[in-house]
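Thanks for coming. I will take one chain and go through a few places in it, then leave time for discussion.

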Amino acid sequence: MNTYDSLLAAVTSTDPDAREVRDPATGELIGHAPVQGLDDLESALDAASAAQRRWAALDDAERTIYLHRAADAIDAAAEPLAQLLSREQGKPLNGPNARFEVGACSVWTQAAADTQLPGGVILDDESGHAELVYRPLGVVGAISPWNWPMMISIWQIAPSLRMGNTVVIKPAESTTLSVMALVAVLNQVLPAGVLTVVPGKGSVVGAALTQSAKVAKVMFTGSTPVGKQIIAASADNVTRLTLELGGNDAGVVLPDVDPAAIAEGLFWGAFINTGQTCAALKRLYVHDSVYDEVVTALSDFARTVPMGVGLDEDNLLGPLQNRAQYDIVDRLVEAAKSSGARVVLGGDPDPQSPGHFYPTTLIADIDPHAELVVEEQFGPALPIIRYSDIDEAVALANELEVGLGASVWSNDREEAKRVAARLEAGTVWINSHGGLHPMVPFGGMKQSGYGREFGVEGLKAVAEPQVISG
């Protein structure tokens, strides 16, 4: 499976009920994704349950070796994986996009393998002896999204396997082939039954996965409304959950910045993956004294970043992955325009384009409670809000029900840290936005979900703590 054609042949379906998969940049037919049902899910769960006992019986060193082999397998198939990802999801090969995402899959797999296991002796004195150990949960049900389908799947798969669980994963319906291809590559080296993909409808396979008594843990990345459905579905079985839900991240620019120096960071914080990132910068609050200069510098940089078909090596931005998301972005931008907000850049999609391309769009002088500000647009449109008082900016940043990420931009690091401490978000970056590290815990506050991924905290999240005392 080290060529694009062989990888695609391994995952595309000839079933008459299979779903057409088309390139969101060109409309070209790529292949056909299988649509499985409840019987397939039950078979997968039974196989995962049986395999889990054997997998958990291995010692940690053996599971670590398997994960390193998995990372090597990803590296060996990196280019065809990136090509398929680019064609199905739409993101370009270069920049922080398809090749970057596949590379991150290998890096996060290795990190999950090498992270020191949690636990150990927590009491050893005259009063007694106690050890904290972390036991496998069983079968982990993973539900991955369409924006970073391979990378987020690995975030769910790798730590789960390290801790002795098996995984049944349901990919997003619009990026099924990408996840199937990744799983096929991983299963070249993993034991049978340890990792299974079940492609199907969220309303059927996804719903059943979250309700199954055979699933000990559900990991989900996606919207807050769907996350709430999963919480309700988990109640009867008291299923453990890690939920990374919607975000509408705020950035706060303080008056002491150099606008030209921060323009590139602001741009990629907002427009990485063409804005289709949960923890992207989606509303920018800029102090009145530097507002015009920041808008100009950001606009100047944005004009230099090419958008187009992902397989073109020159492009760094691609289309929106699906028409439904395109329509959301278009609706919100049109509402902002109608309200009198100023279009600095973009806002004028080509209706004749064969793909779901929405131009890089900057909207200035917008009401802080406009729809484009308070709704998560999840696309290449950034509202820029003017403020004059830091208390006002903090209040606006915190008033929404979500709190995944946020950022503060300033030349004074100590002042930036003071502002960061007031923001209600799981991660607050200073002079950058959205950067993740496999050893740094990540997750949201408020209705952006609960649980943490990555590093030691990520391993704890897919295991059951047990105290052995005496």
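Start with strand β10: Asp249, Gly251 and Val253 point one way, Ala250 and Val252 point the other way, and all are buried. In a regular strand, side chains alternate between the two faces of the sheet. Before I go further, please note that this is a predicted model.

Why do I call β10 largely enclosed by the rest of the structure? Because 5 of the 5 residues of this strand, residues 249–253, are buried.

Now the strands that pair with β10. Strand β11, residues 281–287, runs parallel to β10, and 5 bridges join them. Within that pairing, Ala250 stands opposite Arg283 of β11. Strand β16, residues 405–409, also pairs with β10 in the parallel sense, over 4 bridges. Here the bridge partner of Ala250 is Ala406. So much for the pairing. As for the connection, β10, helix α10 (residues 259–271) and β11 form a β-α-β unit, and the unit is right-handed.

Next, the loop between α10 and β11, which is where Thr274 sits. Is Thr274 buried or exposed? Its relative accessibility is 3%, and the cut-off for buried is under 20%, so Thr274 counts as buried. Setting aside neighbours within four places in sequence, Thr274 is in contact with Met307, Leu317, Gly318, Pro319, Leu320, Gly379 and Pro380. One of these, Gly318, also takes part in a polar contact: the Thr274 side chain reaches the backbone nitrogen of Gly318 at 3.0 Å. There is also a C-alpha separation to give here: Thr274 and Gln321 are 47 residues apart along the chain, and their C-alpha atoms are 9.5 Å apart.

A second threonine, Thr361, belongs to strand β13. Thr361 is buried, with a relative accessible area of 0%. What does its side chain reach? The answer is the backbone oxygen of Pro359, at 2.8 Å. Beyond four places in sequence, Thr361 touches Phe271, Val333, Leu345, Gly346, Gly347, Pro380, Ala381 and Leu382. Pro380 is among the contacts of Thr361, and it is among those of Thr274 as well.

From β13 we can step into the loop that runs between it (361–364) and α13 (371–374), where Asp365 is found. Phi of Asp365 is near 50 degrees, a positive value in a residue other than glycine. Most residues other than glycine have a negative phi. Asp365 is partly exposed, at 36% relative accessible area. Asn431 also has a positive phi, near 60 degrees, and is likewise not a glycine. Asn431 lies in the loop between β17 (427–430) and β18 (445–446), and with a relative accessible area of 37% it is partly exposed.

Last, an annotated residue. Which residue does UniProt list for "active site"? It is Glu244, and the entry is unreviewed. In the model, Glu244 lies in strand β9, residues 240–244. Glu244 is buried, because its relative accessible area is 4% and buried means under 20%. Not counting residues up to four places away in sequence, Glu244 touches Phe220, Thr221, Gly222, Cys278, Leu404, Phe442, Ser448 and Glu453.

That is what I have; questions, please.

How values were computed: Residues numbered from 1 in each chain as written. Predicted model: local features only at pLDDT ≥ 70, side-chain atom pairs only at ≥ 80, totals over all residues. Heavy atoms only, no water. UniProt positions renumbered as here; feature names shortened; annotations may be inferred. Helix = DSSP H or I, 4+ residues; strand = E, 2+ residues; numbered from the N terminus. Buried < 20%, exposed > 50% of the residue type's maximum accessible area, 1.4 Å probe, protein only. Contact = heavy atoms within 4.5 Å. Pairing = 2+ DSSP bridges. Right-handed = clockwise from strand over helix to strand, strands pointing away. Polar contact = N/O pair within 3.5 Å; in protein donor to acceptor, adjacent residues only side chain to side chain.
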